[in-house]
Amino acid sequence: MPRSASQNMKTAVIAPIGTSPPVITAGIDSLDERVTDLVLLATQDEQVLAGCEIVKLGLGSRYPQIRVHIELLPFDDISSDDENLRFMAIAARVIKKEREEFGCKRILLNVAGGRKNMCITLALLGQLLNVDGVYHIVNHEVKLFNQHLEHLRPTMMRLFRAEDEQQRLDLYNENREKFDYVLFPSRNKYDLIRIPTLPYPVSYISSLLSRVVFDPYTLNGEDCSLLLHHGILERQGNNLYISDYGAKFLDVLVGKG
């Protein structure tokens, strides 16, 4: 990845996190630019939350400039269209907040962790909201890597259940060599893969949404056909109208979800 033109430019990484926190830290470690913000999209599963703590402590020692924030999701998995739209709304709000509240000029998505459906949804959302890159991590020694991670799992849970931050830090420092080996593997042991995306121009999306909401009859034939095919619009006789699903989806895109 090309280095940012300005060392003062703020860059945020947004990432679903599952039970394998090293995909987050390795992703940060391999980026050839200065990351200032990390947002972890996490369920309330204890192993996931323990992973969040490990990520915070590991990055805190190696990249103290990174602000780590955890965005808790209201479900353990996406099991319905409504939950998927809810996840999209949360992710869209996070992207907007990083840009507008925290002044991040670049937004990158790491889709190597978390549930598969979350990662797919996040990658597609990134195209619509013009993020600056979507990435995945591939480990060349995944079986051995998982063995080391599982060996550390009891220590991770002890750290998570520690009474205070100082105890967590002490426990991490006692096992720093083992944690660093897993969290920051040698660069030749994995690849950072850029997922091909084709962002939509903001002007096109704004115009499309406006026509769908206020006058779908002004849509050209191709746009209308695609929106009908994907369930955003419905037709009854000669009448076009937004489906219930389409209305919820559009709410996500305009920040109302």
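Trainee: When I look at a charged residue such as arginine 168, how should I judge whether it is buried or exposed?

Mentor: Keep in mind that this is a predicted model, and begin with the relative accessible area, where a residue counts as buried under 20% and as exposed over 50%. Arginine 168 has a relative accessible area of 16%, so it is buried. Glutamate 165 has a value of 43% and is therefore partly exposed.

Trainee: What joins arginine 168 to glutamate 165, and how are the two placed in helix α6?

Mentor: The general idea is that side chains of opposite charge can pair when their charged atoms come close. Here arginine 168 and glutamate 165 form a salt bridge, with 3.5 Å between the closest N and O atoms. The two residues are three apart in helix α6, which means that about one helical turn separates them.

Trainee: Which residues are joined into one network by salt bridges that share partners?

Mentor: That network consists of Asp37, Arg67 and Glu98, and the structure as a whole holds eleven salt bridges. In one of them, the side chains of arginine 67 and glutamate 98 meet at 2.8 Å, taken from N to O. Because arginine 67 belongs to strand β3 (residues 67–72) and glutamate 98 to helix α3, this pair ties together parts that lie 31 residues apart in sequence. Arginine 67 is partly exposed at 27% relative accessibility, whereas glutamate 98, at 2%, is buried.

Trainee: Where do glutamate 71 and arginine 93 lie, and what does their pair tie together?

Mentor: The side chains of glutamate 71 and arginine 93 meet in a salt bridge of 3.0 Å, N to O. Glutamate 71 sits in strand β3 and arginine 93 in helix α3, so the pair ties together parts 22 residues apart in sequence. Glutamate 71 is buried with a relative accessible area of 13%, while arginine 93 is partly exposed at 39%.

Trainee: Which residues form a negative surface patch, and where does aspartate 164 lie?

Mentor: To read a patch, look for like charges that lie within 9 Å of one another on residues with over 30% relative accessible area and no salt bridge. In this structure Glu163, Asp164, Asp170 and Glu174 form a negative surface patch. Aspartate 164 is located in the loop between α5 (142–160) and α6 (165–174), and its relative accessible area of 34% makes it partly exposed.

Trainee: How many residues does the largest nonpolar core have, and which of them have the most contacts inside it?

Mentor: The largest nonpolar core has 42 residues, and those with the most contacts inside it are Ile14, Leu41, Phe87 and Ile107. Among the elements that give two or more residues to this core are the strands β1 (11–16), β2 (37–42) and β4 (106–110), together with helices including α3 (81–100), α4 (116–128) and α8 (202–214). Helix α3 supplies the largest share, namely nine residues.

Trainee: How should I describe the whole protein, and how many helices and strands are there?

Mentor: Count the elements, and then consider the extent and the burial. The protein has ten helices and eight strands, and its C-alpha trace spans about 70 × 40 × 35 Å along the principal axes. Of its 257 residues, 46% are buried. One buried residue is alanine 26, with a relative accessible area of 4%, which is found in helix α1 (residues 22–30). The C-alpha atoms of alanine 26 and cysteine 224 are separated by 43 Å, and the two residues are 198 apart along the chain.

Key
Residues are numbered from 1 along each chain as its sequence is written. This is a predicted model: local features need pLDDT of at least 70, side-chain atom pairs count only at pLDDT 80 or more; totals for chains, interfaces and linings use all residues. Side-chain values use heavy atoms; hydrogens and water are left out. Patches are made of residues with over 30% relative accessible area and no salt bridge: like charges are joined within 9 Å, nonpolar side chains (Val, Leu, Ile, Met, Phe, Trp, Tyr) within 5 Å. Accessible areas come from the Shrake-Rupley method with a 1.4 Å probe; for residues, only the protein chains shown count as cover. A salt bridge is a side-chain nitrogen of Lys or Arg within 4 Å of a carboxyl oxygen of Asp or Glu. Lys and Arg count as positive and Asp and Glu as negative; His and the chain ends are not counted. The place of a charge is taken as NZ of Lys, CZ of Arg, CG of Asp or CD of Glu. Helices (H or I, at least four residues) and strands (E, at least two) are DSSP runs, numbered from the N terminus. Buried means under 20% relative accessible area, exposed over 50%, partly exposed in between (1.4 Å probe, protein chains only). A nonpolar core is a set of buried Ala, Val, Leu, Ile, Met, Phe, Trp, Tyr and Cys residues joined through side-chain atoms within 4.5 Å.
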